[in-house]
Amino acid sequence: MAHTSEPLKIAIAGASGRMGHMLIEAVRQSDDCILAGAADVPTSHAIGNDATGFLGQASGVVIESDVRKALQNSQVLIDFTRPEGTMAHLQVCRELGVKLVIGTTGFSDAQKAQIAAAAKDIAIVMAPNMSVGVNVTLKLLQMAAQAMPTGYDIEIIEAHHRHKVDAPSGTALKMGEVIASAMGRDLKDCAVYERYGNTGERDPSTIGFATIRGGDIVGDHTVLFAGTGERIEITHKSSSRATYAQGGLRAARYLRAQSKGLFDMFDVLGLK
């Protein structure tokens, strides 16, 4: 499609990480976005290098250890890092009026509250999983949970690569939240995260989680609605991080038209 407007100026946090590389590549391949900044932790070997050096190209954008420098010419920061990094970036974005796409997971309730507070000043899209397919899956889960509020045991099974540090995944938790809220419940009251030893019979009101870690699995999620005589399994499998990067770009494009507020991928994809 023809873009008469200026390209969207995007900065990438964690620019030398796996997700950072995917995001930079996605921005470079898009026809309506431009890489305007790149940041990484001061200990990164990539500080001072050209942000697209890993692609064998020169962008003229240098990876900065100072996020303020990286945001000088940017309209949106896309951040898939760690909670403590994202919280530091959030403050700078709020000061500079830079919009923010947050794909980071593992936030505490207090940190989520700070993000919501910052959204009074700047526009933020926050989603534990930016993949378009995962968000369509969340919508399917919402429909299933509304139609089957009783008589089905719900179990969420997720598998990720050996390097993932948080469990269950942010996506699995989001799936649990969507299902619980569709049933008028709070996940905090019904989640079961571990089973060991004599657990007794399964409480029908609970949502169980199982976590698998191994190899280079990008991300598999299955939700089981197990009834008597039948079960429904809704599964999403990621074979590449590129889907997260594309979703991150869609979120950044959505923010173009927003001045402030906290949004999620259902907003971005029109699934509300």
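I take helices and strands as DSSP runs, numbered from the N terminus, with at least four residues for a helix and at least two for a strand. On that footing I placed Pro128 in the loop between strand 6 (123-126) and helix 5 (132-147). I keep in mind throughout that this is a predicted model.

**Pro128.** I looked up the accessibility of Pro128 and found 27% relative accessibility; because partly exposed covers the range between 20% and 50%, Pro128 counts as partly exposed. Leaving aside residues up to four places away in sequence, I noted that Pro128 touches Gly103, Thr105, Gly170, Thr171 and Lys174.

**Pro168.** I then turned to Pro168, which sits in the loop between strand 7 (153-160) and helix 6 (170-182), and I found that the peptide bond leading into it from Ala167 is cis, with omega near -10°. Between Pro128 and Pro168 I read a C-alpha to C-alpha distance of 12 Å, with 40 residues separating them in sequence.

**The whole chain.** I counted nine helices and twelve strands in the protein chain. Its radius of gyration is 20 Å, close to the 19 Å that the globule rule gives for 272 residues, so I regard the chain as being as compact as a globular protein of that length. The C-alpha trace spans about 60 × 35 × 35 Å along its principal axes, and buried residues make up 47% of the 272 residues. Of the contacts with a separation of 6 or more, I found that 69% join residues 24 or more positions apart.

**Surface and charge.** I noted an accessible surface of about 13400 Å², with 50% of it belonging to carbon and sulfur atoms. For the charges I recorded 27 positive and 29 negative side chains, the centres of the two sets lying 3 Å apart.

How values were computed:
Residues numbered from 1 in each chain as written. Predicted model: local features only at pLDDT ≥ 70, side-chain atom pairs only at ≥ 80, totals over all residues. Heavy atoms only, no water. Rg over C-alpha atoms; globule rule 2.2 N^0.38 Å. Buried < 20%, exposed > 50% of the residue type's maximum accessible area, 1.4 Å probe, protein only. Contact = heavy atoms within 4.5 Å. Areas by Shrake-Rupley, 256 points an atom, 1.4 Å probe, with all protein chains shown as cover. Lys, Arg positive; Asp, Glu negative; His and termini not counted. Charge placed at Lys NZ, Arg CZ, Asp CG, Glu CD.
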